[in-house]
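Subject: Structure for your review

Dear colleague,

Please find below the structure we agreed to pass on to you. I would be grateful if you could look through it together with the notes that come after it.

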Amino acid sequence: MFDPAQLRKAPEELRRRLERRGMGLDLPHYHALESRRKELQVQTEKLQARRNELSRNIGNRMGAGEDAAQLRAQVAAVGVELDALRHQNEEAQLALTRWLERLPNPPHDSVPEGHDSASNVEIRRWGEIPQFGFEPRDHVAIGNAFGLDLETAATLSGSRFMVLRGPLARLHRAIAALMLDTHGEEHGYQECYTPYIVNGTTLFGTGQLPRFEEDLFEVLAGARPPQRSPAELQPGTAQGEPAASLRERLFLIPTSEVSLTNFVAGRILEEAHLPVRLTAHTPCFRSEAGSHGRDTRGLIRQHQFDKVELVQVVHPQRSYAALEEMVGHAEAVLQKLELPYRVMLLCAGDMGFGAAKTYDLEVWLPGQGTYREISSCSNCESFQARRMMARFRNAEGKPELLHTLNGSGVAVGRALVALLEVHQQADGRVRIPVALRPYMGCREWL
């Protein structure tokens, strides 16, 4: 969530920035909500002043030995009016907050113009696209010989799940271990183990709720809870305090960004403790609503997949330097896996909801003859921190919102896909990259 004060000060500027994302800003609607909020606030302040004046008069009359019953009755009547106004105030503030919560993060000025991936800008490439003396196979054809079992997965869970057996399961584990060791020992991230189930408050903090509920898997513990109205399921205040019903709901994590970033929710950190660097290897669960028919073959787009996530919580003045560092950390993994890739700067219309600036790393997949995303690194500036009320004490000793960043370091399943396809051999074997061999019993071949 962006700063409501900035919207009040420069609404046209925010409208222009959001239009770069292809998002219209209904300023007449905003002005109506804000005018109603201000009107109620002014009425409340006048009534409070009236009640205070009456209370003083009561004291004066009682001090003079006079009857104050009539004044007490007036104070009681003003109290009833104030209670009604307080309720209207809460409703007006909630309506404004709900509207604000659904607006995406405005893009940074350095983000290129454009509405979709066609306008993304290539920054650099690494590695040579492999040339084969045979027709390269895709990861499904290769993986079937090494333990990829999509039929059993479909029997157990349905489409877009996977079972890995034997050498392929070990390779999957090895890739994740290499990533964790690289980020922990070389890049200074603290390895964490986090819950795979979080409450609605946590998902509100990082921006998945309320706007992207359809992409989440909700967990029903015991009996199904009673159905609630949409109003009950909405977060409650501008400070990011969700309604009680949202706090009670549980969901599978779509990424460990959610749990890692919320480590600082509601906290005020000391500046000396920044930056905070966290990493975790977890499964991720996404319903992928609206993406039917896209990448449904194999492991490219799954309902459950593994990812090593990178999160940084930093001083606002360092967040863009931290973004460049984070991209380099993800690149280091791909280089160790000897996978050719390119770095793309996303245009304004292709970024995620909470991002102010995003780089995608796209790995070359011979089976598809194209680059495909394997990592996305974003600076969210204070967008998530404001929702979570995550702050630090600045040099003047005053609380100030932190900046949060997240990135894939990288997606384990897609790294597996790329490794199988890039390092495949004519005889059916797959070469194991040198950096990965210690995790595979020093084997050179799969």
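The notes below deal with a sheet, the helices that lie across it, and one buried residue. Please bear in mind that this is a predicted model.

The sheet is open and has eight strands, with mixed pairing and the order β1-β11-β12-β13-β16-β10-β9-β4. At its edges stand β1 (121–126) and β4 (190–192); each has a single partner strand, so one side of each is left without a neighbour in the sheet. From one strand to the next, the twist averages 25°. At one of these edges, β4 pairs with strand β9 (residues 276–285) in the parallel sense over three bridges, and C192 stands opposite A280 in β9.

Two helices lie across strands of this sheet. Helix α7 (residues 166–186) lies across β4, β9, β10 (304–314) and β16 (403–411), and runs at about 5° to β10. Helix α11 (residues 319–336) lies across β1, β9, β10, β11 (341–345), β12 (357–365), β13 (370–379) and β16, and runs at about 10° to β16.

Helix α13 (residues 412–422) is mostly covered, with 11 of its 11 residues buried; among them are R414 and E421. E421 has a relative accessible area of 1% and is therefore buried, the cut-off being under 20%. A polar atom of its side chain lies 2.7 Å from the backbone nitrogen of G367. Beyond four places in sequence, E421 touches F132, R137, D138, H139, I142, L365, P366, G367 and Q368.

With kind regards

Key: Residues numbered from 1 in each chain as written. Predicted model: local features only at pLDDT ≥ 70, side-chain atom pairs only at ≥ 80, totals over all residues. Heavy atoms only, no water. Buried < 20%, exposed > 50% of the residue type's maximum accessible area, 1.4 Å probe, protein only. Helix = DSSP H or I, 4+ residues; strand = E, 2+ residues; numbered from the N terminus. Polar contact = N/O pair within 3.5 Å; in protein donor to acceptor, adjacent residues only side chain to side chain. Contact = heavy atoms within 4.5 Å. Pairing = 2+ DSSP bridges. Axes fitted to C-alpha atoms, helices over the stretch in contact; angles between N-to-C directions.
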